[in-house]
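Here are some notes to read alongside the structure, written as numbered points. Keep the 3D view open and find each residue as you go.

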Amino acid sequence: VNRAQAEEVFALAKEKGVFVAEAIWTRYMPSRKIINEIVQSGIIGEIKTITANLCYSMMEKERLVKPELAGGALLDVGVYCLNFAVMHKGNDIVSIESAVSMEGEVDGQETINLFYEDGTMAVLTSSMYGRSDRKGIFYGEKGYIIVENTNNPEKISVFDDEDNLLKEVVFDEIYNGYEYELLECMKCVKEGKLEPDSMPHDDTLFIMHLMDSIRDSWDMKYPME
């Protein structure tokens, strides 16, 4: 639910010599490296703006509307938008702004703006009210890059500043997307590691810190806190 709980889990796992990993599947997928290579290639020049959204119609799910189950959009889908920004831009974030629509005692939808040290801004949207296009977009001085489906990338399309398609990458059909994290975790256990390379504990704690800070700004706490 929060950074303090994550720290407690990781400390206990280290004490007992137990492998623990956060199952943010996009962190383990091959698409992560491919997206970063295209972004860093300079094909659309310097990038100063990133957007990402992940919204679904999920109001019927009990776990999302009850505060005692740590409900709300942020911890369920917003976490993927935050990971999208951090995976592809980094964590040198200097400030955060957000706006929220509350659904009872939990967040129904929100926008989050991350401001980076170099002036880049990431604009993130998450909601449990209705489905969005789920795209992640990088805007550069010479074009833009569209990633279809931020939490399970299906295709990357690169356009110039006149909307001409420069490059397209369609990801191979996969079994279900979870195999990558499973394979890495199996490898880590065999090698005696206590955390994965793709989602080390420090990265989990950083994302939890961001979400704690965002919820603090909304004055939103769960009963167990």
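**Notes on pockets, a cavity and charged pairs**

1. Let's start with the largest pocket: the element that gives the most to its lining is α4, with three residues. Keep in mind throughout that this is a predicted model. The pocket has a volume of about 220 Å³. Of the 15 residues lining it, those closest to its centre are Val-1, Leu-69, Ala-70, Leu-75 and Asp-76. Besides α4, the elements that give two or more residues are α1 (3-16), α3 (62-65) and α6 (201-218). Sorted by class, the lining comes out as nine nonpolar, four polar and two charged residues.

2. Now look at the second largest pocket, with a volume of about 170 Å³. Which residues line this second pocket? They are Met-29, Pro-30, Ser-31, Asn-152, Pro-153, Glu-154, Phe-171, Asp-172, Ile-174 and Tyr-180. By class, that gives six nonpolar, two polar and two charged residues.

3. Next come the closed spaces. Rolling a probe the size of a water molecule over the atoms shows where empty space is left. How many cavities of 30 Å³ or more does a search of the whole structure find? The search turns up one, and about 30 Å³ of space lies in it. The lining is made by Thr-26, Ser-31, Arg-32, Ile-35, Phe-84, Met-87, His-88, Thr-150 and Pro-153. Two elements, α2 (30-40) and α4 (73-89), give two or more residues to that lining. The classes here are four nonpolar, four polar and one charged. While you are there, notice that Ser-31 and Pro-153 line the cavity and also appear in the lining of the second largest pocket.

4. On to charges. Side chains of opposite charge can pair when their charged atoms come close. This structure holds 14 salt bridges. One of them joins Arg-27 and Asp-203, with the closest N and O atoms 3.1 Å apart. Where are the two partners in the chain? Arg-27 is in the loop between α1 and α2, while Asp-203 is in helix α6, so the bridge links distant parts of the chain, 176 residues apart. Arg-27 is buried, with a relative accessible area of 2%, whereas Asp-203 is partly exposed at 24%.

5. A second pair to find is Asp-118 with Lys-89, whose side chains meet in a salt bridge at 2.6 Å, N to O. This pair too links distant parts of the chain: Asp-118 is in the loop between β3 (106-116) and β4 (121-127), and Lys-89 is in helix α4, 29 residues apart. Buried or exposed, or something in between? Asp-118 is partly exposed, with a relative accessible area of 36%, and Lys-89 is partly exposed too, at 25%.

6. Then there is a pair within one helix. Asp-212 and Arg-215 form a salt bridge with their closest N and O atoms 3.7 Å apart. Both sit in helix α6; because they are three residues apart, about one helical turn separates them. Asp-212 counts as buried at 16% relative accessibility, and Arg-215 is buried with a relative accessible area of 2%.

7. Salt bridges can also join up: Lys-187, Glu-191, Lys-193 and Asp-197 are linked in a network of them. Compare that with Glu-184, which is found in helix α5 (residues 179-191). Glu-184 is buried yet has no salt bridge, and the nearest side chain of opposite charge, Lys-193, is 6.9 Å away. Why does that distance not count? A salt bridge needs the side-chain nitrogen within 4 Å of a carboxyl oxygen, so 6.9 Å is outside the cut-off. Leaving aside its neighbours within four places in sequence, Glu-184 is in contact with Tyr-28, Pro-196, Asp-197 and Ser-198.

8. Last, a look at the backbone. Most residues other than glycine have a negative phi, and most peptide bonds are trans. What is phi at Asn-149? Here phi is near 75 degrees, a positive value in a residue other than glycine. Asn-149 is placed in the loop between β6 (143-148) and β7 (155-160), and at 7% relative accessibility Asn-149 counts as buried. Asp-163 also has a positive phi, near 70 degrees, and lies in the loop between β7 and β8 (165-170).

Terms used:
Residues are numbered from 1 along each chain as its sequence is written. This is a predicted model: local features need pLDDT of at least 70, side-chain atom pairs count only at pLDDT 80 or more; totals for chains, interfaces and linings use all residues. Side-chain values use heavy atoms; hydrogens and water are left out. Helices (H or I, at least four residues) and strands (E, at least two) are DSSP runs, numbered from the N terminus. Buried means under 20% relative accessible area, exposed over 50%, partly exposed in between (1.4 Å probe, protein chains only). Lys and Arg count as positive and Asp and Glu as negative; His and the chain ends are not counted. Contact means heavy atoms within 4.5 Å. On a 1 Å grid over the protein atoms alone, a cavity is a set of points where a 1.4 Å probe fits but cannot get out, and a pocket is an open set with protein on both sides within 12 Å along at least five of seven lines; lining residues have an atom within 4 Å of a point. Grid points are joined across faces, edges and corners, and a volume is the space filled by probe spheres set on the points. Ala, Val, Leu, Ile, Met, Phe, Trp, Tyr, Cys and Pro count as nonpolar, Asp, Glu, Lys and Arg as charged, and the others, Gly among them, as polar.
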